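This report describes selected local and packing features of the structure shown below. It proceeds from individual backbone torsions to a sheet, then to helix packing and the contact between the chains.

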Amino acid sequence: MSTIAWLTARSLLGRRRVWLLIPLPALVVLLATLAEGAGVSSESWARPVIGGLGLGVLLPVIPLLVGTSVLGSEIDDGTIVYVLTKPLPRWQIVLPKLAVAIAVSATAVAVPLFVAGVVAHSVRLGGALVVAGVIGATAYAALFVALSVVTRRPVLLGLVYVLVWEGLLAKFMVGTRMLSLQQYAVALADRIAPTPLLSGDVGVPLALAMCAVIVVGSTAVAIRRLTTFSMAGETS
Amino acid sequence: MSTAAAIAPQTRTSTVELKAVSRWYGNVVAVNNVSMSLGPGVTGLLGPNGAGKTTLLHMMAGFLAPSRGTVTLDGEPTWRNPAIYRRLGLVVEREAVHTFLTAYEFVLASARLHRLPNPEAATRRALEMVEMTGAQDRRIGTYSKGMRQRTRVAAALVHDPQVLLLDEPFNGMDPRQRLHMMELLHRLGDEGRTILFSSHILEEVEQIAGTVQVVVAGRLAASGDFRTIRRLMTNRPHVFALRSSDDRALAVALMAEPSVTGVELDRTGLTVRASDYGRFTRALPKIALASGIRVRQVVPADESLESVFAYLLEA
């Protein structure tokens, strides 16, 4: 493992804030098993739990927490200087950090989605949700890592995107769904395991192409911004 | 200032060069047309807070683009050029460390990121240099401020850079830690490295820096040999607040001393203006002794660096 990835993983997982990543996945698993155990039909609980909580909240929020931490929190607390004063091309800093963010987010997203999918319908739906979750988490993580280099308020802006654009506008304006990572994930899951539980509006080729564009574009922006990273001098 | 490349003939030396460098933020000019050349040895970057020292340091370290002018390390621009970090180490003022690592892990990670052939040996050497081997396996979060500072210096030194830049390295250190850091910088300078540290405290600079660059309000106010600048600084009018067993009699006696240019008497004591710091402080005990007056307190009343620097700018 590269030293950057090791440092990033240590800082992400070796501290108390790793516990922030536990409640949401646990909630998805808990609600799915409770509902099924109580004999509620999956037609009625799967939409809110898998579609609403899983793909609507868990999928964006975990990468938001992780993606803004791997680089953004180092910029915030100043430790980024320690990494930047090394004779490394900046992509060698961004890529390992992004890889850690993707690995951690994808795991925290895919595992509970798999459990919920299996409980609700079938292993096939579980597998479909894993694929959709991993691809979605990858795109979200890349987006939020880039956001954390571009702005000093990445969490706020990320939440605005998730809550307002994807959460609110997509409900009323179908057009905004064309630019919604969450909808891409729904479309992918629905395509791999067609069930009445999820219904995607976006074409799968478009969803995959957009995810690729977002990952590549965000990564390029992050590298570019880190190359010209400036420290504010004393201002008085 | 000329480059002093002759000091260390054995090792390859490095030069940081600023040519007509300015940096502004919007309408605020932080650094105004500064040119300087830093060669081997310890140089102090002296100036009051807000003078632009940090801005200068950041430009030298490649963390800020000059708005105008060029900043180079051995002829290469420092901005957007990570390759310079093979030869340059930076210790910023902000106390940023990975508190969840031990000092050994922290410095070792630094050595690895530099792709050193033997990172473990380099780590041990760097930690020995700052005398942190005793606590190297404790988490940095448990360290005192001075220990963290030394750990950061070790991380900046692990690749044996020719140039080391330190921003206010003595801030928050106790006298013993300060002395230790001064010895270290001295040693590094004597080895032929180019060491630059910023400070707003005259005495710190005086104790270790051979050459000084004085920055006031974004401009280079003075540069060169420390003693020359010190003389400039001491030969300005000084103000002292005095208290004695008989202020009135002392006032009369002091008026006869040529280095005294004015005396003021009020309820709290005497305010004395002297044209020559050295002469006055040498003459005062003799005058007091001769007239049988006991001096209880002598406080330089106008020793704030700002006033010293303001005077330098006029000089």
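B:Ala217 in this predicted model counts as partly exposed, because 17 C-beta neighbours lie inside 10 Å, and the class of buried residues begins at 20. The residue sits in the loop between strand 9 (211-216) and strand 10 (219-225) of chain B. Its phi is near 50°, a positive value in a residue other than glycine. Most residues other than glycine have a negative phi.

B:Asp160 likewise has a positive phi, of about 60°, although it is not a glycine. This residue belongs to the loop between helix 4 (145-157) and strand 7 (163-166) of chain B. B:Asp160 is partly exposed, with 17 other C-beta atoms within 10 Å.

**The sheet of chain B**

Strands 9 and 10 of chain B, which flank the loop of B:Ala217, are members of an open sheet of six strands in the order 6-7-8-3-9-10, with mixed pairing. Strand 6 (88-91) and strand 10 of chain B form its edges, each pairing on one side only. On average, and with direction ignored, neighbouring strands of the sheet are turned by 15° against each other. Within the sheet, strand 3 (residues 41-46) and strand 9 of chain B are paired in the parallel sense over four bridges. One bridge joins B:Leu46 to B:Val214 in strand 9 of chain B. Helix 1 (residues 53-60) of chain B packs on the sheet, where it touches strand 3, strand 7, strand 8 (194-199) and strand 9 of chain B. The direction of this helix makes about 155° with that of strand 8 of chain B.

**Helix packing in chain A**

Two packed helices are described by the angle between their axes and the distance between the axes. The table gives these values for two pairs in chain A.

| Helix pair | Angle between axes | Distance between axes |
|---|---|---|
| Helix 3 (residues 42-70) of chain A and helix 7 (residues 123-150) of chain A | about 40° | 8 Å |
| Helix 9 (residues 181-192) of chain A and helix 10 (residues 204-227) of chain A | about 135° | 9 Å |

With an angle of about 40°, helix 3 and helix 7 of chain A are therefore oblique to each other. Their crossing is right-handed. Among the contact residues are A:Leu59, A:Pro63 and A:Val70 of helix 3 of chain A, together with A:Gly133, A:Gly136 and A:Phe144 of helix 7 of chain A. By class, this contact has twelve nonpolar, five polar and no charged residues.

The angle of about 135° makes helix 9 of chain A oblique to helix 10 of chain A. The crossing of helix 9 and helix 10 of chain A is left-handed. Here A:Tyr184, A:Ala187, A:Leu188 and A:Arg191 of helix 9 of chain A meet A:Val204, A:Ala207, A:Met210 and A:Cys211 of helix 10 of chain A. The residues of this contact comprise seven nonpolar, no polar and one charged.

**The contact between the chains**

Chain A contributes 25 residues to the contact, and chain B contributes 28 residues. On the side of chain A that touches chain B, the elements giving two or more residues are helix 1 (3-13) and helix 5 (80-84) of chain A. Helix 1 of chain A gives the most to that side, with four residues. The residues on this side of chain A divide into eight nonpolar, twelve polar and five charged.

Note on methods
Residues numbered from 1 in each chain as written. Chains lettered and ligands numbered in written order. Predicted model: local features only at pLDDT ≥ 70, side-chain atom pairs only at ≥ 80, totals over all residues. Contact = placed C-beta atoms within 7 Å. Nonpolar A, V, L, I, M, F, W, Y, C, P; charged D, E, K, R; others polar. Axes fitted to C-alpha atoms, helices over the stretch in contact; angles between N-to-C directions. Parallel < 35°, antiparallel > 145°, perpendicular 65-115°, else oblique. Left-handed = near helix turned anticlockwise from the far one by under 90°. Buried ≥ 20, exposed ≤ 12 C-beta atoms within 10 Å, placed from the backbone. Pairing = 2+ DSSP bridges.
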